[in-house]
Amino acid sequence: MLASRLLPFPNILSRTTALNFNRRALLSTLNTPKVYAAFFKKYNCAGYTFEPGKPPEQEFQLLAKARQWGAESTIKHQKFLGCSIRLAEFFERFEDFREDAGGYTYSPDTEYALEFKRLCTVKRWDEGRIADVKKEYEKLMEASNHSRDGDASSRKDDQAHENVLEGKTAIAKFFIENQCPGYSYNYRSSVVEFFELVEARTVMWEEKTGDRKRTGTYEKTAEYKDLRREFEVAIEACFDAFLRVKRRSVEEKETRPWETLAELFKEGEAPLGRTKARKLLEKVHVNIYDLTDLFQIHMPPSADILQKLLTTESHRMQKLRFPGLRELAAYSVDTGRVYKLRSAKENGTLVLLLQRIRRRF
């Protein structure tokens, strides 16, 4: 989800939209919730999931806020909502539960074109009657342009989204894709960015749950756990990408990630088997997030940065080291910089710095 300028949400609903919500009185009590549900479900995404129970005007505000619609997009989707209601009124007008009258019942979950075809079939209209009703139906569909505009807009948004993400690292993509009201990606420390993202998501979660009884905090939800895991997976992807960057020397053989890691901490040099590297790295006590910040993972992997950390700026690597595992564990817990072991690839390189914590904590 990309950041955009937001409307002042307390006043987001125009007078026209308010009238659209009031028009639900023209629909039956049976179909009204189904019509609104069919409309809102089309917009389900990572930051928004429709849940029945809220007044439609409140649901629209949550949707607009989650989707970060500006003034133009908000007005456009207000019109879509109005058209959905008018089309529902059109179909419901022909309902008649008497078998001798056709026994037609409107189905809000059915696609409009299929519903119109079913209406004509159930009603057993002749060609003349179908032609008359079809004119009204097509006029409503033309006014809505819901499917065509929605598809075109979706394709345009997808292309713009791809352009924004092009060339970005895994962690940058993670934060950009998870931008939401209250959080925008600013290329700072990964932990700082994640903490601010969680704060914004917590506010959204509290608004979404409303007055319903909560059994715990946002950090206890499945949504948070999935978000945390995606964050840690992105961290490891950047960690691996940095260690795999080609050195500046064309004569040097390609170095494997664990060999580069051992060299960075002055614990060994290539050639070095993974088992040997694991033994050597057992004495390295370093926080994963501090290390990846030093790698500048928000930007594409840089051979220059790697070369400096191996040579002229190797002291920066040594400063990250803790004297023992206990000191590292205390620091990580106190600062909230704990990388969960289960998120790391079992046969990856990052896990080589986590294995002692696995055995002792």
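Here a biologist and a modeller talk through a predicted model of one protein chain.

Biologist: Happy to start with the overall picture. What makes up the fold, helices or strands?

Modeller: The protein chain has 17 helices and zero strands. Of its 361 residues, 43% count as buried.

Biologist: Why is Tyr137 called buried or exposed?

Modeller: Tyr137 has a relative accessible area of 9%, and buried means under 20%, so Tyr137 is buried. Tyr137 sits in helix 6 (residues 127-144). Leaving out residues up to four places away in sequence, Tyr137 touches Leu87, Phe90, Phe91, Tyr112, Ala113 and Phe116.

Biologist: Staying in helix 6, what makes Glu136 and Arg93 a salt bridge?

Modeller: The cut-off is 4 Å between a side-chain nitrogen of Lys or Arg and a carboxyl oxygen of Asp or Glu. Glu136 and Arg93 come to 2.8 Å, N to O, so the pair qualifies. This pair links distant parts of the chain, with Glu136 in helix 6 and Arg93 in the loop between helix 4 (71-92) and helix 5 (112-123), 43 residues apart.

Biologist: And how do you know that Glu138 and Lys134 form a salt bridge?

Modeller: Their closest N and O atoms are 3.9 Å apart, and the rule asks for within 4 Å, so this pair counts as well. Glu138 and Lys134 are separated by about one helical turn because they are four residues apart in helix 6.

Biologist: Good, now for Lys345 and Asp240. Why is Lys345 called partly exposed, and Asp240 buried?

Modeller: Lys345 has a relative accessible area of 45%; partly exposed lies between 20% and 50%, so the label fits Lys345. Asp240 is at 8%, and the limit for buried is under 20%, so Asp240 counts as buried. The two form a salt bridge, with the closest N and O atoms 3.0 Å apart. Lys345 lies in the loop between helix 16 (325-335) and helix 17 (355-360) and Asp240 in helix 10, so the pair ties together parts 105 residues apart in sequence.

Biologist: What links Arg188, Glu193 and Glu196?

Modeller: A network of salt bridges links these residues. Arg188 is in the loop between helix 8 (170-177) and helix 9 (190-209).

Biologist: One last puzzle: what makes Arg229 eligible for a positive surface patch?

Modeller: Patch residues need over 30% relative accessible area and no salt bridge. Arg229 has 43%, so Arg229 clears the area limit. The patch is formed by Lys220, Lys225, Arg229, Lys340 and Arg342.

Note on methods: Residues are numbered from 1 along each chain as its sequence is written. This is a predicted model: local features need pLDDT of at least 70, side-chain atom pairs count only at pLDDT 80 or more; totals for chains, interfaces and linings use all residues. Side-chain values use heavy atoms; hydrogens and water are left out. Patches are made of residues with over 30% relative accessible area and no salt bridge: like charges are joined within 9 Å, nonpolar side chains (Val, Leu, Ile, Met, Phe, Trp, Tyr) within 5 Å. Accessible areas come from the Shrake-Rupley method with a 1.4 Å probe; for residues, only the protein chains shown count as cover. Lys and Arg count as positive and Asp and Glu as negative; His and the chain ends are not counted. The place of a charge is taken as NZ of Lys, CZ of Arg, CG of Asp or CD of Glu. Buried means under 20% relative accessible area, exposed over 50%, partly exposed in between (1.4 Å probe, protein chains only). Helices (H or I, at least four residues) and strands (E, at least two) are DSSP runs, numbered from the N terminus. Contact means heavy atoms within 4.5 Å.
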